[in-house]
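Student: Hi! I'd like to get to know this structure a bit. Can we walk through it together?
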Amino acid sequence: MLAPAHIRRLFAAVALAAMTIGSDARAATWTTLPSGTTETINAIDYRSSSQYVYATNLGKLFRNGTQAAGATTGGSPLNGLAMSPDGTIGIAVGTNGKIMRSTDSGATWAALSPVTSYPDTDCAGTPGRASTVTEDMTGISWANTTTAYATAPPALVFHPSPTPR
């Protein structure tokens, strides 16, 4: 969680790059960005002060301080969010296997069909029985421009794979 529920603004480090330039550089300046919500912000993908997307504890998605079109889960919390390396595709994950996807840099979002997993897949990749993911997903990260990995406690990792035959 980024901040207590009573904090209603996002903070972005404007001097973050300075941290990697030299050992004596410091990111001392922070700029307040409007969040457009009083809900708790659970996840954020920040690219610049004009390109940031975030998800809330009540299942809403926002882009640059405004709620995005189609961006609600009906109150089901969203816990993780990541934009693709080029910033065009977004995936948000949440409670009960909820997944939302954007293909326009976070301007609009749509719920994806329930995720199917094959938990009995053996080490050789032979799939077992199919089941719908109902775990509370907590994180998402992009491996490259086409593949993202989602996590769920206690030690589950999900990623797209071909449908077994």
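Tutor: Happy to! Let's agree on one word to begin with: contact means heavy atoms within 4.5 Å. Also keep in mind that this is a predicted model.

Student: Okay, so which residues is Met100 in contact with, leaving aside its neighbours within four places in sequence?
Tutor: Quite a list: Leu61, Gly70, Ala71, Thr72, Thr73, Leu78, Gly90, Ile91, Ala92, Trp109, Ala110 and Ala111.

Student: And which residues make up the largest nonpolar core?
Tutor: That core has twelve residues, and Met100 is one of them. Among the others are Ala43, Val53, Leu61, Leu81 and Trp109.

Student: Which strands each supply at least two residues of this core?
Tutor: Strand S4 (51-56), strand S6 (66-72) and S7 each do that. The largest share comes from S7, with three residues. There is also a second, separate core of eleven residues, including Ile91, Ile99, Ala148 and Ala152.

Student: Let's switch to the sheet. What is the order of its four strands?
Tutor: The order is S7-S8-S9-S10, in an open sheet with antiparallel pairing. At the edges sit strand S7 (78-83) and strand S10 (110-111), each pairing on one side only.

Student: How many bridges are there between S8 and S9?
Tutor: Four bridges join strand S8 (residues 90-94) to strand S9 (residues 99-102), in the antiparallel sense. As an example, Ile91 has Arg101 in S9 as its bridge partner.

Student: What about Ser102, is that buried or exposed?
Tutor: Ser102, which lies in strand S9, is buried, because its relative accessible area is 0% and buried means under 20%.

Student: Which residue's backbone oxygen lies 2.9 Å from a polar atom of the Ser102 side chain?
Tutor: That one belongs to Thr108. Thr108 also appears among the residues in contact with Ser102, along with Thr88, Ile89, Gly90, Ala107 and Trp109, leaving aside neighbours within four places in sequence.

Student: New topic: which way does phi usually go?
Tutor: Most residues other than glycine have a negative phi. Here, Asn64 has a positive phi near 50°, and Asn96 has a positive phi of about 55°.

Student: Where are they? Start with Asn64.
Tutor: Asn64 is in the loop between strand S5 (60-63) and S6. Its relative accessibility is 28%, so Asn64 counts as partly exposed.

Student: And where is the place of Asn96?
Tutor: Asn96 is found in the loop between S8 and S9. With a relative accessible area of 52%, Asn96 is exposed, because the cut-off for that is over 50%.

Terms used: Residues are numbered from 1 along each chain as its sequence is written. This is a predicted model: local features need pLDDT of at least 70, side-chain atom pairs count only at pLDDT 80 or more; totals for chains, interfaces and linings use all residues. Side-chain values use heavy atoms; hydrogens and water are left out. Two strands pair if DSSP finds at least two bridges between them. A nonpolar core is a set of buried Ala, Val, Leu, Ile, Met, Phe, Trp, Tyr and Cys residues joined through side-chain atoms within 4.5 Å. Buried means under 20% relative accessible area, exposed over 50%, partly exposed in between (1.4 Å probe, protein chains only). A polar contact is a pair of N or O atoms within 3.5 Å; within protein, one must be able to donate a hydrogen and the other to accept it, and residues adjacent in sequence count only if both atoms are side-chain atoms.
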